Every structure is written in C-alpha cells, then in structure tokens.
Amino acid sequence: MTSQDRLPQNRHLVTEIPGPKSTAAMARRKEAVSGGLGTAIPVIVSRAHDAIIEDIDGNRIIDLGAGIGVVTVGNAAPRVVKAVQEAVEKFTHTNFTTAPYLGYIEVCEALNRLTPGKFAKKSILQNSGAEAVENAIKIARHYTKRPAVVVFEHAYHGRTNLTMALTAKNLPYKDGFGPFANEIYRMPMPYSYRWLGNPDTIAEDALDMVIHKIEKEVGAHNVAAILIEPVVGEGGFIVPPVGFMPGLQKFATENKIVFIADEVQSGFARTGKMFAVEHEGMEPDMIVSAKGIAGGLPLAAVTARAEIMDSSHVGGLGGTYGGNPIACAAALAVIEMIEEEKLVERAAHVGDILFAALNALKAQYSIIGEVRGRGAMVAIELVHAGTKDPNPEAMAKVIKYCQSKGVLILTAGTYGNVIRFLPPVVITDELLKDALGVLAEGFASL
C-alpha cells in the first residue's frame with residue numbers, strides 16, 4: 001500500500017451518523033450477534049488508518065479511542081502491516097511449546113529489556129490482558145505458596161472468572177456471572193478527587209489504611225500478590241497520588257509479596273513513558289502488558305524477575321495461541337516504531353495538547369469536575385455544577401454530539417460519568433485539535 005492509498009487524516013461526513021448502510025448492517029448485527037456485546041458508536045468500519053476510521057457509508061471519523069488503547073502506533077501502521085504480511089507467508093502457527101520460533105523469543109527479549117528493573121527478567125506471552133493477569137496471579141501464588149491477592153477499588157482486570165473477581169465494578173462486568181474465585185481482598189484506592197480525608201496527606205493516609213487492613217484482615221504472610229493499575233483504566237483514569245505505589249511496593253518487598261503492575265492499558269508509550277510506573281521510578285516485581293503491544297493483533301505478556309518466572313514447573317505455563325508468530329511479528333514492528341519514531345515523547349506531546357484544551361474547557365464549564373491522567377491517557381469527570389455528584393446524563397449528551405459530528409470518544413468510570421481520551425499517539429496535532437473543537441461544541445450544546 002502506498003501513502004496515496006491510505007486514508008486522508010481529516011474528518012469528513014457524507015451522511016448522518018449512522019448512515020444508511022451502517023444502519024442496515026447494525027440490524028444484521030442485532031439478528032446475528034449476542035446482545036451481551038455493547039457498541040460505542042453505531043457504525044460499521046470499512047477501513048482505518050492512523051487516527052481515522054472510515055465507515056461503509058464513506059464517513060471519516062476521528063478515532064480518540066484507538067480500539068481502547070490498542071492501536072497506539074496508529075491503525076494499520078505500515079511497519080506493522082509489512083511485518084504481518086511477511087510473517088503470515090512463512091507460517092501461521094506451530095504452538096511455541098510444540099515447535100518454538102524466534103519471534104516469541106525476540107519479543108520476550110525486548111520486554112525484558114524495556115520493562116523497568118535492573119534485575120534479570122523473563123517473560124511469557126498470552127492472547128489478552130485478562131489471560132495475562134490470570135497467569136500473573138497463578139505464577140505469584142506458585143512462587144510464594146500463598147493464596148491471597150490484594151486488589152483495589154475502581155480496578156478493572158478482565159472478564160474471565162478470576163479477573164472478574166479482581167475487577168471492582170459490578171455492572172456491566174460482573175452482575176449475575178458469579179460465583180467468583182475466592183481469596184481476593186479489595187482495598188481502598190486513593191481517588192484524589194473523591195477523597196474525604198486531608199488532600200495534603202492522601203498518599204500517607206491511604207497507605208496506612210491499606211497496610212492496616214492487609215495486616216489485620218488478611219495477614220501479610222498470606223498474601224501472594226498486590227495487583228494495581230498505575231493509572232486506573234476503566235475506573236476512570238484515576239492516578240494514585242505520588243508516593244502511594246512506591247510505599248505499597250516497599251511494604252510488599254518487606255513481606256515477600258509479589259508486587260504486580262497491571263499495565264495492560266497504560267503500558268507501551270501510552271502515558272509519556274514506556275510504562276506508567278516509570279513516572280515514579282518504580283521497578284515492579286512483575287508487569288502485565290497487552291493492548292498497545294502489537295498494533296491491533298492479540299498479544300499480551302507477563303514479565304517478571306527471572307526467579308519468579310522460573311518457579312513454575314515445566315508445562316505449568318502455556319496455551320495454544322499465546323505468542324502467535326504473526327502477533328509476535330507485529331509486536332516487534334510496534335517496538336521498532338516506538339523507539340525509532342520517538343513515540344514515547346510523542347505521547348507526552350499529545351498529552352500536553354489534551355491537558356491544555358481540557359483544562360480550558362474545565363475553566364469554562366463547571367460540570368467538568370476534574371481533568372486527570374498521564375500523557376496520551378487523559379480523562380474528564382463530569383459532575384452536577386457546584387457538587388461532586390456524578391453527571392452521566394451530561395456525559396451521554398456530549399458523547400452523542402461528538403459521534404454525530406464524526407468524533408469517536410469513549411466512556412469510563414465507576415459512576416459512569418467519565419469521558420476518556422486514548423488517541424493513537426501518531427495523531428496529527430491538527431486532527432487532535434479538530435476533535436477537541438468538536439468536543440467544545442458538545443459542551444456548548446448542553
């Protein structure tokens with residue numbers, strides 16, 4: 001594909017959203033596809049390049065969701081496409097634990113190099129974030145010979161049975177799907193905007209509270225792992241206060257607990273660092289990666305201290321499709337793009353634009369309670385003016401307006417009142433500013 005064949009990076013509407021072809025296809029979807037699946041925008045995609053999605057009616061829509069943070073390097077990034085095409089011509093599958101191949105090894109080598117920590121590391125590859133989280137817990141329990149896992153309020157870790165237990169929010173993720181795995185203990189998350197205590201001592205106070213609960217209600221000697229998102233994703237892009245996570249890891253280390261950073265959504269250049277824990281100079285025992293790792297192909301990973309990863313017996317880890325050779329080829333191309341095209345720095349620049357525009361809107365509209373996030377992972381929380389009461393109605397109206405004008409944005413938040421921004425970091429400044437202009441119109445229309 002030549003550059004001329006790629007979609008123009010501008011918003012262009014030829015029909016209403018959704019158009020007639022998408023409307024007809026969505027009717028087919030309703031008949032054929034489980035009603036348990038949601039839809040963020042009611043269009044049917046025909047192609048997508050970089051930060052533009054084109055639907056089957058010919059509308060070009062600005063993508064500020066990146067497939068929920070997956071196509072960080074852009075949709076159908078040329079390097080990724082080329083790597084996939086070359087890989088698929090060679091072989092499509094052997095199962096790495098049956099007949100190994102270099103791509104898997106090379107991705108693990110790259111992860112061991114890129115994840116923070118000067119200690120020896122090893123990795124395994126899976127298909128999804130939830131599967132990687134399950135493996136992380138499995139490995140930590142086997143290594144420590146302990147049962148308990150500590151997680152946090154507002155957390156999201158997946159939709160499988162174990163990861164539903166780890167996830168905080170009931171609807172839509174857990175309701176009616178139990179019973180869930182046991183030995184999961186949920187702790188308070190220091191959510192700065194909604195913290196009832198002293199904001200100046202939030203990190204210390206929250207840490208004291210969590211440690212007290214672990215010691216008195218669980219027993220530190222029973223805890224295999226502490227699992228936390230460095231930026232809480234589905235919970236609304238909550239950033240733990242500075243000092244909280246390092247203090248938590250110190251406690252974990254002192255008590256021989258595996259400290260796991262769930263970087264499924266925040267990793268791989270999303271936050272202006274390769275991994276979000278680097279904002280506080282942290283070196284977790286274990287990091288879970290997924291989403292942005294392979295440019296849209298299903299791949300996830302667990303990377304940890306070598307002694308932890310080697311503690312499982314041979315055959316105890318694996319899976320039929322984990323580390324598929326085509327996905328591995330895509331991941332190596334993504335890593336090459338991030339490093340050679342300085343996409344970590346680009347994410348920080350995108351974040352600067354987002355924060356400037358969103359804070360300007362906050363100054364203008366009192367229903368925007370807070371702007372928060374890191375790098376190109378930013379959110380706004382909507383409230384009723386003069387209060388901190390969640391305002392999901394205003395959020396829905398703004399989302400609907402933006403969609404009607406050809407801008408795809410996503411929701412989040414425990415209270416269903418957060419708009420999150422996860423654009424591909426390769427989005428042009430002009431395209432991002434156009435989308436933010438539409439967002440401003442959405443607020444003006446309320």
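Which strands does helix α8 (residues 244–254) lie across, and at about what angle to β7 does it run? In this predicted model, helix α8 lies across β5 (148–152), β7 (223–228) and β8 (258–262), and its direction makes about 170° with that of β7.

These three strands belong to an open sheet of seven strands with mixed pairing, whose order is β4-β10-β9-β8-β7-β5-β6. The sheet ends at β4 and at β6 (184–187), the edge strands, each of which pairs on one side only. On average, and with direction ignored, neighbouring strands of this sheet are turned by 20° against each other.

Within this sheet, strand β10 (residues 300–305) can be followed in some detail. Strand β4 (residues 121–126) pairs with β10 in the antiparallel sense over six bridges; among the residues involved, K122 has A304 as its bridge partner, and Q126 has A300. Strand β9 (residues 286–289) also runs antiparallel to β10, to which four bridges join it, and here S289 stands opposite A301. Because five of the six residues of β10 are buried, this strand is largely enclosed by the rest of the structure.

A second sheet to consider is an open one of four strands, ordered β1-β2-β3-β13 and again with mixed pairing. Its edge strands, each pairing on one side only, are β1 (45–49) and β13 (407–408). Helix α13 (residues 429–444) packs on this sheet, where it touches β2, β3 and β13, and its direction makes about 95° with that of β3. Strands β2 (residues 52–55) and β3 (residues 60–63) run antiparallel and are joined by three bridges, with I52 standing opposite I62 in β3.

Helix α13 itself has 16 residues and reaches 22 Å from its first C-alpha to its last, close to the 22 Å expected at 1.5 Å a residue. Its buried residues are L431, L432, A435, L436, V438, L439, G442 and F443. Seen down the axis of α13, the buried residues fall within an arc of 150°, so they line one face of the helix, whereas E430, K433 and A444, on the other side of α13, are exposed.

Helix α12 (residues 392–404) is built from 13 residues and spans 18 Å between its first and last C-alpha, close to the 18 Å expected at 1.5 Å a residue. The buried residues of α12, namely A394, M395, V398, I399, Y401, C402 and Q403, pack against β12 (377–382), β13, β14 (410–412), β15 (418–421) and α13. Just after α12 comes G406, which takes a positive phi of about 90°.

The interior can be described through its nonpolar cores. The largest of them has 134 residues, and those with the most contacts inside it are F152, I226, F244, I260, L358, L439 and F443. Helix α10 (residues 325–340) contributes the largest share of this core, eleven residues. L439 and F443 are also among the buried residues of α13. Leaving aside residues up to four places away in sequence, L358 touches V371, V378, I380, F421, L436 and L439. Apart from the largest core lies another, of nine residues, including V231, A276, M377 and A379.

Definitions and conventions:
Residues are numbered from 1 along each chain as its sequence is written. This is a predicted model: local features need pLDDT of at least 70, side-chain atom pairs count only at pLDDT 80 or more; totals for chains, interfaces and linings use all residues. Side-chain values use heavy atoms; hydrogens and water are left out. Two strands pair if DSSP finds at least two bridges between them. Helices (H or I, at least four residues) and strands (E, at least two) are DSSP runs, numbered from the N terminus. Contact means heavy atoms within 4.5 Å. Axes are lines fitted to C-alpha atoms, for helices over the stretch in contact, and angles run from 0 to 180 degrees between N-to-C directions. The expected span of a helix is 1.5 Å times one less than its number of residues. Buried means under 20% relative accessible area, exposed over 50%, partly exposed in between (1.4 Å probe, protein chains only). A nonpolar core is a set of buried Ala, Val, Leu, Ile, Met, Phe, Trp, Tyr and Cys residues joined through side-chain atoms within 4.5 Å. The arc is that of the directions from the helix axis to the C-beta atoms.
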